[in-house]
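Please read the following report alongside the sequence and the coordinates. It deals with a few contacts and surface features.

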Amino acid sequence: MTAVREAKASAPDQTPREGPGAATVPHPPRVVTGRIVRTRSGSVSLRVQSRTVAATAALLAALLLVAGITLTTGDFDLSVGEVVQALTGNGSGIADFVVNTLRMPRLVTALCVGAALAVSGAILQSITGNPLGSPDIIGFTNGSAVGALVVIVLLHGSMTEIALGALVGGLATALAVHLLMIGRGIQGFRLVVVGIGVSALLLAVNSYLITRATFQEALEAQSWLIGSLGNRLWIHAQAIGIAVAVLLPLAFFLSRRLSMVEMGDTTAMALGVDVPRTRTLLLVISVALAAFATAVTGPIWFVALAAPQVARKITGSSGPALLPSALMGAVMLALSDLAVQRLFAPALLPVGTATGCVGGLYLIWLLVTESRKSRA
């Protein structure tokens, strides 16, 4: 029975997709590789690919290296032993303050936000079948920004209220996109086009709100819109940590269904997947991850766009590769934050400027690459 299911999963899908030329180009067959690991009862099985395991281990090692450098270097250098003592509650007063009050909350926030954005982008790219499918491009990030600016400019709220406004704005944007697509289904090409239109509209709303602000409010709004990990405390780390602890396991649990949906609606339904329900549930998880991340740090661009694609390339995975994507996003954001802290000190450069710079170059490369593929 397992062999039959795997044979079905590896069969090419002739289901037409939207977009130029998509109706005449079938999906290539997926090659089933790797070792199958099963429980004794055989009720649970897992395909393990050696390249994916090696890449995941390398990303974990890179994450630990970046975390170690972040915690031990800076204006006040510490040894690894001093950091460990501070983390276990046995450090000196100054080491405890530097590690547990200044560096560790910022690092935990960076890792969780990076993982959340990357998984959000991986889900959207898989659902849409489009490398441009990410919360940055589709408009969910701009929706969160509108919610935050409304609180800053019109309601004069606190930081907690700003975060709540960003969360509500992101979810409201997702609802608006969904309503615009009622009766048409959540299809990839259409979702990206509608999302880009909504994103442009929300960007105009952001600009209007800033023109309505006082000078001080405009400065505060602009600072938030850049995206920063500065002055992040344990309350921020705990908020995004809880969101990640709840939402990432749900996304990982649904990753197998997501892989089947990538094969096309016909194949996925033949394998017993409720495609519309699966797409909707995964879309809600993706939006929630992006909204929580944006609520904590402000908009941090292009991590959700680039991290999943880089993770797929290094793992050679034909599926969404959610776990490697999460690790890649965490490493990318933590490394970017480390770079802006160490390379541009004593200037307080927001991490959003670094990800925006690198991500913009990546987006240009991606568009040129996709254009060459379409011409070929």
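The report below covers salt bridges, a helix pair and a surface patch in what is a predicted model.

**Salt bridges**

The structure holds two salt bridges, and they are set out in the table.

| Salt bridge | N to O distance | Helices linked | Separation in sequence |
|---|---|---|---|
| Arg 106 and Asp 337 | 2.8 Å | H4 and H15 | 231 residues |
| Glu 262 and Arg 312 | 2.4 Å | H11 and H14 | 50 residues |

In the pair formed by Arg 106 and Asp 337, which links distant parts of the chain, Arg 106 counts as buried at 17% relative accessibility, and Asp 337 counts as buried at 3%. In the other pair, Glu 262 is buried with a relative accessible area of 17%, whereas Arg 312, at 27%, counts as partly exposed because this value lies between the limits of 20% and 50%.

**Helix packing**

Helix H14 (residues 303-315) packs with helix H15 (residues 322-343) at an angle of about 125 degrees, their axes being 8 Å apart. The two helices are therefore oblique to each other, and H14 passes H15 in a right-handed crossing.

**Surface and a distant pair**

A nonpolar patch on the surface is formed by Phe 76, Ile 94, Phe 97 and Leu 102, which together have about 370 Å² of accessible area. Of these residues, Ile 94 lies in helix H4 (residues 93-128) and is partly exposed, with a relative accessible area of 45%.

Trp 234, which lies in helix H10 (residues 234-253), also counts as partly exposed, at 35% relative accessibility. Trp 234 and Asn 100 are 134 residues apart in sequence, while their C-alpha atoms are 8.9 Å apart in space.

Methods
Residues are numbered from 1 along each chain as its sequence is written. This is a predicted model: local features need pLDDT of at least 70, side-chain atom pairs count only at pLDDT 80 or more; totals for chains, interfaces and linings use all residues. Side-chain values use heavy atoms; hydrogens and water are left out. Patches are made of residues with over 30% relative accessible area and no salt bridge: like charges are joined within 9 Å, nonpolar side chains (Val, Leu, Ile, Met, Phe, Trp, Tyr) within 5 Å. Accessible areas come from the Shrake-Rupley method with a 1.4 Å probe; for residues, only the protein chains shown count as cover. A salt bridge is a side-chain nitrogen of Lys or Arg within 4 Å of a carboxyl oxygen of Asp or Glu. Helices (H or I, at least four residues) and strands (E, at least two) are DSSP runs, numbered from the N terminus. Buried means under 20% relative accessible area, exposed over 50%, partly exposed in between (1.4 Å probe, protein chains only). Axes are lines fitted to C-alpha atoms, for helices over the stretch in contact, and angles run from 0 to 180 degrees between N-to-C directions. Angles under 35 degrees count as roughly parallel, over 145 as roughly antiparallel, 65 to 115 as roughly perpendicular and the rest as oblique. A crossing is left-handed if the near helix is turned anticlockwise from the far one by less than a right angle, and right-handed if clockwise.
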